[in-house]
Amino acid sequence: MRFALGIEYDGGPFHGWQRSSAEVPSVQGALESALSKVANAPISVTCSGRTDAGVHARCQVVHFDSEVARDTRAWLLGATTHLPREIAVAWCRLVHPEFNARFSAVRRAYRYTLLNRQTRPGFMAQYLAWELHSLDAQAMHIAAQSLVGEHDFSSFRSSQCEAPHANRLLTSIAVQRRGDLIHIDVEGNAFLHHMVRNIVGALIEVGKGRQHVSWIGELLAMRDRTQGGVTAAACGLVFIGPRYPEKWNLPEEVTTREIAVSNSNPV
């Protein structure tokens, strides 16, 4: 049987999603260990999109296969019991054998949150990036619109990115201020390594007035990462989750009723 799980986690204590070794804490390693205890057999999972060290997730989706007789409630409660406090299973669904958490997803969404004031955060500090210089959120939003569409995002990928190409479809990006908080919401078919954090780093340069709103489009056209801004801190980034077509009968928070877009070569 194939099951899908919705996972939420605080990425602070982990070296990213992907398991590398038993000595390096990862979200994947912790989850597979917990599920294996419930199954009393080895379990491996496939995720909708890997997150970097320090990045959080509101709803990471994974799937796994198991031949042992366990219902969804047993997987849900049993796995959460064996997980560290920073990770929890929010839901569990029995799914069609053809469902794939990675390749069935048509879009993925992220939110980056900046605290924009003179003093650093105290409350919720692990989920906020801090910028003391005043930022023009409207200018950042206008500049960001040049990224919408299908482009070569080489200017916003890290040197460690293993994707075979940099072409991605960004379906929307919005920058909004709420008091001292600035939210940057990004949605697309798939993302490159550090892509969102590099976009945020470039938008901060516009927000500070160091670059004109047209610079983001110019940077995109350069296809040269060395011309961009700094990579924004990981702590401000949350993977909101993937989106799947209705046919998979998943919870509403990860279901889209819109026309599916291409999701070739997701990472």
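Arg-157 is buried yet forms no salt bridge. The nearest side chain of opposite charge is that of Asp-152, 6.0 Å away. A salt bridge needs a side-chain nitrogen within 4 Å of a carboxyl oxygen, so the Arg-157 and Asp-152 pair does not qualify. The model is predicted. Across the structure there are 8 salt bridges and 0 disulfides.

**Arg-157 and its surroundings**

- Arg-157 sits in the loop that runs between β7 (149-152) and β8 (167-178).
- What does the side chain of Arg-157 have at 2.9 Å from one of its polar atoms? The partner is the backbone oxygen of Ala-163.
- Ala-163 is also in the contact list of Arg-157, which leaves aside neighbours within four places in sequence.
- The other residues on that list are His-165, Ala-166, Leu-192, His-193, Asn-198 and Arg-225.

**The annotated active site**

- An unreviewed UniProt entry carries the annotation "active site" at Asp-52.
- Asp-52 is placed in the loop between β2 (46-47) and β3 (56-65).
- Beyond residues up to four places away in sequence, Asp-52 touches Gly-16, His-193, His-194 and Arg-197.
- His-193 is thus named twice: it is in contact with Asp-52 and with Arg-157.

**Salt bridges**

- Side chains of opposite charge can pair when their charged atoms come close.
- Glu-187 and Arg-107 meet through their side chains in a salt bridge, with 2.5 Å from N to O.
- Glu-187 belongs to strand β9 (residues 181-188) and Arg-107 to strand β5 (residues 107-116), so this pair ties together parts 80 residues apart in sequence.
- Are Glu-187 and Arg-107 buried or exposed? Both are buried.
- Asp-152 has a salt bridge with Arg-223, at 3.9 Å from N to O.
- Arg-223 lies in the loop between α5 (215-222) and β10 (237-245), while Asp-152 is in strand β7, so the pair links parts that are 71 residues apart in sequence.
- Arg-223 is exposed, with a relative accessible area of 54%.
- Asp-152 therefore pairs with Arg-223, whereas Arg-157 has Asp-152 as its nearest side chain of opposite charge but no salt bridge.
- Glu-205 and Arg-210 form another salt bridge between side chains, at 3.7 Å from N to O.
- Glu-205 counts as buried at 16% relative accessibility.
- Arg-210 is exposed, its relative accessible area being 52%.

**Cysteines**

- A disulfide is a covalent bond between the sulfur atoms of two cysteines.
- How many disulfides does the structure hold? The number is 0.
- Cys-161 is in no disulfide, and the nearest cysteine sulfur, that of Cys-47, is 15 Å away.
- The cut-off for a disulfide is 2.5 Å between sulfur atoms, so Cys-161 and Cys-47 do not make one.
- Cys-161 is buried, with 14% relative accessible area.
- Cys-235 counts as partly exposed, at 26% relative accessibility.

**Domain record**

- UniProt, in an unreviewed entry, lists residues 8-103 and 143-245 for "domain: Pseudouridine synthase I TruA alpha/beta".
- Residues 8-103 are 25% helix and 24% strand, with the end C-alpha atoms 20 Å apart.
- Residues 143-245 are 22% helix and 32% strand, and here the end C-alpha atoms lie 31 Å apart.

Definitions and conventions
Residues are numbered from 1 along each chain as its sequence is written. This is a predicted model: local features need pLDDT of at least 70, side-chain atom pairs count only at pLDDT 80 or more; totals for chains, interfaces and linings use all residues. Side-chain values use heavy atoms; hydrogens and water are left out. Buried means under 20% relative accessible area, exposed over 50%, partly exposed in between (1.4 Å probe, protein chains only). UniProt positions are given in the numbering used here, feature names are shortened, and annotations may be inferred rather than shown by experiment. Helices (H or I, at least four residues) and strands (E, at least two) are DSSP runs, numbered from the N terminus. Lys and Arg count as positive and Asp and Glu as negative; His and the chain ends are not counted. A polar contact is a pair of N or O atoms within 3.5 Å; within protein, one must be able to donate a hydrogen and the other to accept it, and residues adjacent in sequence count only if both atoms are side-chain atoms. Contact means heavy atoms within 4.5 Å.
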